Amino acid sequence: MAVRRDRVRLTVLLGPVSLFLGICFVGPLVVMIIYSLLEPGLYGGVEWNFYHWSYGRILGWADGEWEDFDWVYAEIFLRSARLAFINVLITLALCYPAALWVRGLPRRWRLFIVFLITLPFFISLVVRLFAWVLILRPTGFLNSSLLGLGLIEEPFDIIFTETAVLIGMAYVLLPFMFLPVYASVEKLDHSLFEASSDLGASSIQTFFRVTVPLTLPGIAAGSVLVFIPSLGNFIVPDLLGGAKVLMIGNLIEQQFLSARNWPFGAVLSVMMMAIMFLLILIYLRRIGRMQTRP
Amino acid sequence: MRDAGSPGSGSPVAEVFDAVKRFTAPEGGTVTALDQVSLAVSAGEFVTLLGPSGCGKTTLLRCISGFEDLDSGEVRIDGTPMTGVPAQHRPVNTVFQTYALFPHLRVEANVAYGLEVTGVPRRERVERVAQALEQVGLQGLERRKPDQLSGGQRQRVALARAIINRPALLLLDEPLSALDRNLRHSMQLELKTLQHELGICFLFVTHDQEEALTMSDRIVVLNHGRIEQIGTPEQLYHTPATTFVAEFIGDGALFSGTVEGGPDPAIVTGDGLRLTIRDGVPAGRRMTMLLRPEQLDAAPAAADPAFGIVEATLEQSVFYGATRQLVCRLASGAALTVTPSPGGEGDRLYRAEPGDLLRLAYRRAEPHLIEEAHDGG
């Protein structure tokens, strides 16, 4: 009887979310994997024939024939990974000291700052990025301020560069780094710092021997949470990077919408998901071990 | 061995001069945590700071370890003034109330921490860690993480970690308060033994008077940021300087009143109770008499001028194994506890029933008298 009641409870509690994820997450995923193995239709869509050359295409082995190896896709992949990695470093460098600072504030100020950090979520991402376009463009706020102050002679190009993309991505993903890092920093027991200095450690030694190791789970979680959306991001490079800073996200978008090569778009998506899956797997195993290590 | 009784014996390892520390209270205003506190700890001494919570004992400890700065006054360790010296450079180590073990480090790394950060070579480190773990009886647990240890084991790790730097003075902030009663008692004795072996001064903070009496060479009783009395456990128990100390340490009843002279000198309290006292106390003084439970016994059948007599109604008779404690009430309403000695007259008290009127006696030379003028509180 008890087992049966447990089953009913589980079904009621987890049924809706399972159903939703099944239809809206697993379904499209399966469609994507199937499409990646079909022949591209001439004007978009797919022909229902098995066709694996879309995978070869990434390596320059399209349509079953070796062409001149084209670095372009590898380059886009690498650029995306590089920008995502730099973005992790930027957000970490911004959030870690900030989190340590917030930790020392009185409780109501801490709550207020966490609220401020999440405040941008209340405004549409596209609107916020257009604001950055207005700030960064040649006649925008940044250039006109610097010109007005006489710091520069003529407007410099910042929009449609990697710098602009990094600024935008760091801005968008900052909360994803701050919140997990802050959560782990906040849990630090103050007496550990006192114990460390009591035993003769300088504040730098304390930082590297106590603070960093104990907040590593937060740093790792924040890094994964920032790296993955950075890697697949297409809105930020689209608005702030223009045509010059193409990332995987944009490439996939192009394949589906402009080039109308759905299977190749699907292949790129599958590849990217594989990379992310791998990263999450590594993360879970490392963190899992960190917390239960004997 | 040194004479535990006299504070001046040996060279002082740590001295505190006129320490004053004020905090701003959250609701505004200032709280004086330390008010003109001075004390000296001699080499090899076990000194306890005893007082109720909020008396300033932990603040004093934190000012010595360097986590707090004094507003005025000075801390000296081995004769060197510590003002402006950060915690990391002070030759003292602390055992924290919550132990504050590094959760990410194994036992051996926790213990070695102080050696590592001060750059002690590896070979020496390994030796000293092994030695420290042996001293606290933790061999075999080197590879454990703190969360795989029991409370008592954690306590020992904290102790080993704190003694490994060979501090001049070891500060212990209520280190036993998280342990259960039995473990606590055995740790008290162990700490005392360890302190003798190491020859390090211990400055121990507690609010538990029994703990303080068991372990200390000298006890510093603090109340409201002031020192009430410094003395050996015996001195504090038998001759408390203030009514606060008398109430805080041991059981006993206090009777305040005016001294009446004559052939039968006594204290007369506000509610008319007359208690015989020893000879030679000037009449007219305001005095407080301390009656310890063991000083009272059944009154002798024949009148004897050596004894003072009190009459009290028995409320409860509690069996404690070797002794029995009688909780009585005087006609004035004041409570009085008595632990009569078994055999002889005391047997009569052992058989008494609640509600019985008991005639109790004490040797009038015995009870300690506290002069009101001395009473700072």
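**Exercise 1. Which residues lie on each face of β6(B), and are they buried or exposed?**

Solution. The model is predicted.

Step 1. In a regular strand, side chains alternate between the two faces of the sheet.

Step 2. On one side of β6(B) are B:Val92 and B:Thr94, and on the other are B:Asn93 and B:Val95.

Step 3. A residue counts as buried if 20 or more other C-beta atoms lie within 10 Å of its own. All of these β6(B) residues are buried, and both faces of the strand are covered.

Step 4. For the chain as a whole, 42% of the 377 residues of chain B count as buried.

**Exercise 2. Place β6(B) in its sheet and describe its pairing with β7(B).**

Solution.

Step 1. Write down the strand order. The sheet is open and has six strands of chain B, in the order β6-β7-β8-β3-β9-β10, with mixed pairing.

Step 2. Find the edges. These are β6 and β10 (226-231) of chain B, each of which pairs on one side only.

Step 3. Note the twist, which averages 20° from one strand to the next.

Step 4. Follow β6(B) to its partner. Four bridges link β6(B) to strand β7 (residues 169-173) of chain B, and the sense is parallel. B:Asn93 stands opposite B:Leu170, while B:Val95 has B:Leu172 as its bridge partner.

Step 5. Add the helix. Lying across β6 and β7 of chain B is helix α4 (residues 151-163), which runs at about 175° to β6(B).

**Exercise 3. Describe how β9(B) and β10(B) are joined.**

Solution.

Step 1. Strand β9 (residues 218-223) of chain B and β10(B) run antiparallel and are joined by five bridges.

Step 2. Across this pair, B:Ile219 faces B:Gly231 as the residue opposite.

Step 3. Look at the connection. The two strands make a hairpin with two residues between them. In that turn, B:His224 has a positive phi of about 50°.

**Exercise 4. What is the strand order of the five-strand sheet of chain B, and which strands are its edges?**

Solution.

Step 1. The order in this open sheet is β13-β12-β11-β14-β20, and the pairing is antiparallel.

Step 2. The edge strands, pairing on one side only, are β13 (274-276) and β20 (368-371) of chain B.

Step 3. Ignoring direction, neighbouring strands here are turned by 40° against each other on average.

Step 4. At the β20(B) edge, strand β14 (residues 286-291) of chain B pairs with β20(B) over four bridges in the antiparallel sense. One residue pair in register is B:Met287 opposite B:Glu371.

**Exercise 5. Classify the packing of α2(B) against α3(B).**

Solution.

Step 1. Two packed helices are described by the angle between their axes and the distance between the axes.

Step 2. The axes of α2(B) and helix α3 (residues 122-135) of chain B cross at roughly 125° and come within 10 Å.

Step 3. Angles of 65 to 115 degrees count as roughly perpendicular and those over 145 as roughly antiparallel. The crossing therefore makes α2(B) oblique to α3(B).

Step 4. The crossing is right-handed.

Step 5. List the contact. From α2(B) come B:Glu108, B:Val111, B:Ala112, B:Leu115 and B:Glu116, which meet B:Arg125, B:Arg128, B:Val129, B:Ala132 and B:Leu133 of α3(B). By class these are six nonpolar, no polar and four charged residues.

**Exercise 6. Repeat the classification for α7(A) and α9(A).**

Solution.

Step 1. In chain A, helix α7 (residues 162-186) packs with helix α9 (residues 203-232) at an angle of about 160°, the axes being 7 Å apart.

Step 2. The cut-off for roughly antiparallel is over 145 degrees, so α7(A) and α9(A) are roughly antiparallel to each other.

Step 3. Their crossing is right-handed.

Step 4. Among the contact residues are A:Leu173 and A:Phe176 in α7(A), with A:Gly218 and A:Leu225 in α9(A). The full contact has 14 nonpolar, five polar and no charged residues.

**Exercise 7. How many residues of chain B are in contact with chain A, and which elements of chain B give two or more of them?**

Solution.

Step 1. Count both sides: 18 residues of chain B are in contact with 15 residues of chain A.

Step 2. The elements giving two or more residues on the chain B side are β6 (92-95) and α2 (107-117). Of these, α2(B) gives the most, with three residues.

Step 3. Sort the chain B side by class: eight nonpolar, nine polar and one charged.

Terms used. Residues are numbered from 1 along each chain as its sequence is written. Chains are lettered from A and ligands numbered from 1 in the order in which they are written. This is a predicted model: local features need pLDDT of at least 70, side-chain atom pairs count only at pLDDT 80 or more; totals for chains, interfaces and linings use all residues. Axes are lines fitted to C-alpha atoms, for helices over the stretch in contact, and angles run from 0 to 180 degrees between N-to-C directions. Angles under 35 degrees count as roughly parallel, over 145 as roughly antiparallel, 65 to 115 as roughly perpendicular and the rest as oblique. A crossing is left-handed if the near helix is turned anticlockwise from the far one by less than a right angle, and right-handed if clockwise. Two residues are in contact if their C-beta atoms, placed from the backbone, lie within 7 Å. Ala, Val, Leu, Ile, Met, Phe, Trp, Tyr, Cys and Pro count as nonpolar, Asp, Glu, Lys and Arg as charged, and the others, Gly among them, as polar. Two strands pair if DSSP finds at least two bridges between them. A residue is buried if 20 or more other C-beta atoms lie within 10 Å of its own, exposed if 12 or fewer, and partly exposed in between; C-beta atoms are placed from the backbone.
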